[in-house]
Amino acid sequence: MLSTWALLMVAVVTEIAWGCSLKALSYFSLSRFFALIPIALTCANMYLLARVMRTLPSGLTYAIWTTLGTVGVLVAGALLFNESLTKGQIFFIGVCIVGVVGLHLCSKG
């Protein structure tokens, strides 16, 4: 079970990297090399997510993956691309995380 959670975290990291790679494309010319990076990350991400869903409930898995991916891309955008992150956004990021923790605590198994 621990390895399933580890795979989910790797899937989250690839989701964050995917989001950042799309943003990075705007800084580089849309060369074939740079365009292949998000495609490769998508393939890896979907494979990992499908593996995790063999063990964990799909709704819980998807909620964790999307929430942590969103949080990661927001934070990475602020750190890497100098995007703004307001107090309101930080508050609602916290609300999302609390929601996912609640889903996990209320799920069976």
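Where does V10 lie? V10 sits in helix α1, and the views below start from the whole chain and then move in. This is a predicted model, in which local features need pLDDT of at least 70, side-chain atom pairs count only at pLDDT 80 or more, and totals for chains, interfaces and linings use all residues. Residues are numbered from 1 along each chain as its sequence is written, and side-chain values use heavy atoms, with hydrogens and water left out.

**View 1. The whole chain has four helices and zero strands.** Reading from the N terminus, the elements go α-α-α-α. Helices (H or I, at least four residues) and strands (E, at least two) are DSSP runs, numbered from the N terminus. The C-alpha trace spans about 50 × 35 × 20 Å along its principal axes. Of the 109 residues, 29% count as buried. Here buried means under 20% relative accessible area, exposed means over 50%, and partly exposed is in between (1.4 Å probe, protein chains only).

**View 2. Helix α1 (residues 2-25) carries T4 and V10.** T4 counts as buried because its relative accessible area is 9%. V10, with 42%, is partly exposed. What separates the C-alpha atoms of V10 and A44? They are 9.7 Å apart, with their positions 34 residues apart along the chain. For T4 and K108, the C-alpha to C-alpha distance is 16 Å, at a sequence separation of 104 residues.

**View 3. Helices α1 and α3 pack with their axes 8 Å apart.** Two packed helices are described by the angle between their axes and the distance between the axes. For α1 and α3 the angle is about 40 degrees, which makes α1 oblique to α3. Axes are lines fitted to C-alpha atoms, for helices over the stretch in contact, and angles run from 0 to 180 degrees between N-to-C directions. Angles under 35 degrees count as roughly parallel, over 145 as roughly antiparallel, 65 to 115 as roughly perpendicular, and the rest as oblique. The α1 and α3 crossing is right-handed. A crossing is left-handed if the near helix is turned anticlockwise from the far one by less than a right angle, and right-handed if clockwise.

**View 4. Helix α3 (residues 58-80) also meets α2 and α4.** The axes of α2 (residues 32-53) and α3 come within 9 Å and cross at roughly 140 degrees, so α2 and α3 are oblique to each other. In this pair, α2 passes α3 in a right-handed crossing. Then there is α4 (residues 87-106), packed against α3 at about 160 degrees with the axes 10 Å apart. That makes α3 roughly antiparallel to α4. Which hand does the crossing of α3 and α4 have, left or right? It is left-handed.

**View 5. K23 and E83 form the one salt bridge in the structure.** A salt bridge here is a side-chain nitrogen of Lys or Arg within 4 Å of a carboxyl oxygen of Asp or Glu. The N to O distance for K23 and E83 is 3.2 Å. This pair links distant parts of the chain: K23 is in α1 and E83 is in the loop between α3 and α4, 60 residues apart. Both ends are partly exposed, K23 with a relative accessible area of 32% and E83 with 35%.

**View 6. N82 shares the loop between α3 and α4.** N82 has a positive phi of about 55 degrees although it is not a glycine. Is N82 buried or exposed? N82 is exposed, at 72% relative accessible area.

**View 7. V75, L79 and L80 make a nonpolar surface patch of about 320 Å².** L79 belongs to α3 and is exposed, with 69% relative accessible area. Patches are made of residues with over 30% relative accessible area and no salt bridge; like charges are joined within 9 Å, nonpolar side chains (Val, Leu, Ile, Met, Phe, Trp, Tyr) within 5 Å. Accessible areas come from the Shrake-Rupley method with a 1.4 Å probe, and for residues, only the protein chains shown count as cover.

**View 8. S31 lies in the loop between α1 and α2.** S31 is partly exposed, with a relative accessible area of 24%. How many residues apart in sequence are S31 and A76? They are 45 residues apart, and their C-alpha atoms are 23 Å apart in space.
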